[in-house]
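This report goes through one protein chain, beginning with its overall contacts and ending with single residues. The sequence and the model come first.

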Amino acid sequence: MNRKPLTLALILISLTGLIISAYLEYISSQPVCPVGFEGCDKVIASPYSRVYGVSLSSLGLTWFLVLLVLTIIASYRDDKKIFYIVFVWSLISVPSVAVLVWVEIGILNVICIYCTAAHILGILSIIPAYKLAKHRESN
């Protein structure tokens, strides 16, 4: 199996997630969401948008950056441990997304379209990461 498409998929997911998270960080400093989505305003201005003073968009930036770096390292090394690390890192998105979606829908009663896009990317990263780890396991 060729690892390049899976690696490319993870790189694209990471880069797209970085862009979305950077944009969320930018709009969190604005008084109103520049594109006018009401849900984004409510989510970004909520007390749940920060954890110990750190914005969730900064945490998203960090998560996607780590995924990108791990993916690049994995593409150059033929060590099965790095493929498992990428997979485990991608799995971190599941509980994080579950909590964040619960806060958006269950507590704030809104949906931020940008947050949702980042959540989907985090969950989608599991598929190529799993396939890379599984492929490496069989070799």
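## Overall organisation

Of the contacts in the chain between residues at least 6 apart in sequence, 75% join residues that are at least 24 apart. The model is a predicted one, and the chain in it has seven helices and two strands, which follow one another along the sequence in the pattern α-α-β-β-α-α-α-α-α. The two strands thus stand after the second helix in the pattern, with five helices following them.

Measured out along its principal axes, the C-alpha trace of the chain spans about 50 × 25 × 25 Å.

## Surface and charge

The chain has 139 residues, and buried residues make up 38% of them. Its accessible surface comes to about 8,000 Å², and carbon and sulfur atoms account for 70% of that surface. As for charge, the chain carries 10 positive and 7 negative charges, and the mean positions of these two sets lie 13 Å apart.

## Helices H4 and H5

Two packed helices are described by the angle between their axes and the distance between the axes. Helix H4 covers residues 80–91 and helix H5 covers residues 93–107; their axes come within 5 Å and cross at roughly 10°. Because angles under 35 degrees count as roughly parallel, H4 and H5 are roughly parallel to each other. The residues that meet are Trp89, Ser90 and Leu91 on the H4 side, and Ser93, Val94 and Pro95 on the H5 side.

## Two residues with positive phi

Most residues other than glycine have a negative phi. Tyr52 has a phi near 50°, a positive value in a residue that is not glycine, and it is found in the loop between strand E1 (50–51) and strand E2 (54–55). With a relative accessibility of 85%, Tyr52 counts as exposed, since the cut-off for that class is over 50%.

Asn109 likewise is not a glycine and has a positive phi, here of about 60°. Its place is the loop between H5 and helix H6 (113–124), and with a relative accessible area of 62% Asn109 is exposed.

## Buried positions around H5 and H6

Where in the chain is Val103 placed? Val103 is in helix H5, where its relative accessibility of 11% makes it buried. Leaving out residues up to four places away in sequence, Val103 touches Tyr48 and Leu108. Val103 is also 8.8 Å from Val43, C-alpha to C-alpha, although 60 residues separate the two in sequence.

His119 is found in helix H6 and is buried, with a relative accessible area of 10%. Apart from neighbours within four places in sequence, the residues in contact with His119 are Val97, Leu100, Val101 and Glu104.

## The loop before H7, and H7 itself

Is Ser125, in the loop between H6 and H7, buried or exposed? Ser125 is buried, with a relative accessible area of 0%. When neighbours within four places in sequence are set aside, Ser125 is in contact with Leu10, Ile13, Trp63, Leu67 and Ser90. One of these partners, Ser90, is also among the H4 residues that meet H5.

Lys134 is found in helix H7, which covers residues 126–138, and at 43% relative accessibility it counts as partly exposed. The C-alpha atoms of Lys134 and Lys80 are separated by 9.5 Å, while along the chain these two residues are 54 residues apart.

## Ser57 in H3

Ser57 lies in helix H3, which covers residues 56–76, and it is buried, with a relative accessible area of 11%. Which residues does Ser57 contact, leaving aside its neighbours within four places in sequence? The contacts of Ser57 are with Ser21, Leu24, Glu25 and Ser28. By contrast, Trp102, which is 45 residues from Ser57 in sequence, is 17 Å away in space, C-alpha to C-alpha.

Terms used. Residues numbered from 1 in each chain as written. Predicted model: local features only at pLDDT ≥ 70, side-chain atom pairs only at ≥ 80, totals over all residues. Heavy atoms only, no water. Helix = DSSP H or I, 4+ residues; strand = E, 2+ residues; numbered from the N terminus. Buried < 20%, exposed > 50% of the residue type's maximum accessible area, 1.4 Å probe, protein only. Contact = heavy atoms within 4.5 Å. Areas by Shrake-Rupley, 256 points an atom, 1.4 Å probe, with all protein chains shown as cover. Lys, Arg positive; Asp, Glu negative; His and termini not counted. Charge placed at Lys NZ, Arg CZ, Asp CG, Glu CD. Axes fitted to C-alpha atoms, helices over the stretch in contact; angles between N-to-C directions. Parallel < 35°, antiparallel > 145°, perpendicular 65-115°, else oblique.
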